[in-house]
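Student: I have the sequence and the model open, and I would like to learn how to read them. Can we work through the features one by one?

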Amino acid sequence: MKIKFILPALTEAQGQFWRPIKYSLFPPLGLATLAGYLKSSDEAVIQDEHVERLDLNDCPDLVAIQVYVTSAYRAYEIADHYRRKGITVILGGLHVTALPNEALQHADSIVLGPAEEIWSEVLYDFRHNILKKRYFSNVRTLKGLPPVRRDLIKRKYYFVPNSLVISRGCPHSCDFCYKTSFFRGGKSFYTYTTDQALSEIDTLKGKHLFFLDDNIFGNPGLAFSLFSGMKGMGRVWQGAATVTSLQNRKLLQIAAESGLKSLFIGFETLKQEGLVRHNKQHNRTDEYEKVIKILHDYGIMINASFVFGLDQDDPSVFKAAAEWAAEQGIETVTFHILTPYPGTPLYKRFEKQKRILHKDWDLYDTRHAVFRHPVMSSETIETGYRNAYRDFYKWTSILKSAGEKEKILSACRHIAYTGGWKKIESVWGILIKLKKLNLAIPPLERVLRGDESGKT
Ligand code: SF4
């Protein structure tokens, strides 16, 4: 059997906001995981439209497409194309799970929720010509997961080929998060065993690792044994965590000793009432500055994420967030406009309140305000969002933020990391064009290592 896995390009990966490097970071691990269930006699290919032009002239036996909200229209276009050629198409992913009836108009079959536990059955049914319209499994475990087919990943197309995910979902349920609907009907947080995680790490060449888990500290027992097992491996790694999970100092210390160098943290807002409103009260705004200080003391850099457009927000929030992040010496930020993803509790609430402005999924990209806000127009929110980015990443702000560091070496590392990410677009463009992103990995590792003293 010939099977083709496709990751269609997100809409925001084109047009005025397109930054090639942002969409050349991580390979499509979800699809490589599903490829692990194939027989050795099967032929498989993975195409990621963010990094390569799709070959649509081929004729595989089966096409499987992963669909996100802002890639939905493109995914449907590709699916329709293959179905016109008589090729069976299966759609799955976040958007398909949120809106199965919409997806079914473009697919022979759909998979709802996480696909791992049901994928063998889907393949069996396809081989025996008894494919069902919908598949769903409420069995949620990663035990016995076959090895991820990393041989199908074109490593040189990605800046972070050594990305991995050792858990699924998240122990929390913030009302704007798409996880809430994706994992409905079964466990919403489950993990690899420590041995599974360590064996996967062993297969990855080089030093740098990026854990794509929503919260690498989400299962403290697993995290502790994993980080203990990684000590002495000489790895440098990046990941994501919640503010609350970082209260565990023992865990943080072992994470730092195992090579943790930067964390993505969803601060979301500086207003506690906004967090409570969105069921993210596990974040405590009064703990933010303490957590930042501890991380920086360990030499761990921070990518702070903020959401604009919460009901409590007013036009002052954009400048306030950008300034606060710079004052804290935060290295990078990611700003988002609150987006009611279909299927989430937030979407249902806004729809009931008749606050959804339209259902053009291409604009559900966290760069557009697609809902009515109590005091701000969509234009105010979108302009404020763009200005926050401009303000945080201007050189004066980067230098001011780096100046918050106690050591010169830490300040230099901050400037190199932030400047490298946001200020050398043409260099990234050339490396991507030449398919030489691997050349940027050693400098990244050097910057991440910093002074390696732990206390910076
Ligand atoms: S903590 Fe993060 S990943 Fe978890 S539900 Fe909230 S937003 Fe989603």
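Student: Which residue in β6 is the bridge partner of L112?

Tutor: This is a predicted model, and in it L112 has F136 as its bridge partner in β6. The two strands, β5 and β6, pair in the parallel sense over 3 bridges.

Student: What happens between β5 and β4?

Tutor: Here too the pairing is parallel, with 3 bridges between β4 and β5. Look for L91, which stands opposite I110 in β5.

Student: How do I read where the side chains of a strand point?

Tutor: In a regular strand the side chains alternate between the two faces of the sheet. In β5, S109 and V111 point one way, while I110 and L112 point the other way. All four are buried.

Student: In what order do the strands of this open sheet lie?

Tutor: The order is β2-β1-β3-β4-β5-β6, a set of 6 strands with parallel pairing. At the edges are β2 (43-48) and β6 (134-136), each of which pairs on one side only. From one strand to the next the twist averages 20 degrees. Within the sheet, β3 (residues 62-66) and β4 (residues 88-92) pair over 5 bridges, and V63 has V89 in β4 as its bridge partner.

Student: Which helices pack on that sheet?

Tutor: Among them are two to trace. Helix α2 (residues 72-84) lies across β1 (2-7), β3 and β4, and runs at about 160 degrees to β4. Helix α5 (residues 116-127) touches β3, β4, β5 (109-112) and β6, and its direction makes about 155 degrees with that of β6.

Student: What is the strand order in the open sheet that contains β7?

Tutor: Read it as β7-β10-β11-β12-β13-β14, again 6 strands in parallel pairing. Each of the edge strands, β7 (163-164) and β14 (332-337), has a single partner strand, so one side of each has no neighbour in the sheet. Further in, β11 (residues 236-241) pairs with β12 (residues 260-268) over 5 bridges in the parallel sense. A241 is matched there with I265, its bridge partner in β12. Helix α14 (residues 378-392) lies across β13 (301-308) and β14, at about 175 degrees to β14.

Student: How do I describe two helices that pack on each other?

Tutor: Give the angle, the distance, the handedness and the residues that meet. Helix α7 (residues 194-202) and helix α8 (residues 220-230) pack at an angle of about 35 degrees, and their axes are 9 Å apart. The crossing of α7 past α8 is right-handed. From α7, T194, A197, L198 and I201 meet L222, S225, L226, G229 and M230 of α8. By class this contact has 6 nonpolar and 3 polar residues, and no charged ones.

Student: Why is S228 called partly exposed?

Tutor: Count its neighbours: S228 has 13 other C-beta atoms within 10 Å, and is therefore partly exposed. A residue counts as exposed at 12 or fewer and as buried at 20 or more. S228 is found in helix α8. Its C-alpha atom is 9.9 Å from that of T194, although the two residues are 34 apart along the chain.

Student: Which residues are around the ligand?

Tutor: They are C170, H172, S173, C174, C177, K179, D214, T242, G266 and K280. By class, this shell has 3 nonpolar, 4 polar and 3 charged residues.

Definitions and conventions:
Residues numbered from 1 in each chain as written. Predicted model: local features only at pLDDT ≥ 70, side-chain atom pairs only at ≥ 80, totals over all residues. Near = placed C-beta within 6 Å. Nonpolar A, V, L, I, M, F, W, Y, C, P; charged D, E, K, R; others polar. Axes fitted to C-alpha atoms, helices over the stretch in contact; angles between N-to-C directions. Left-handed = near helix turned anticlockwise from the far one by under 90°. Contact = placed C-beta atoms within 7 Å. Pairing = 2+ DSSP bridges.
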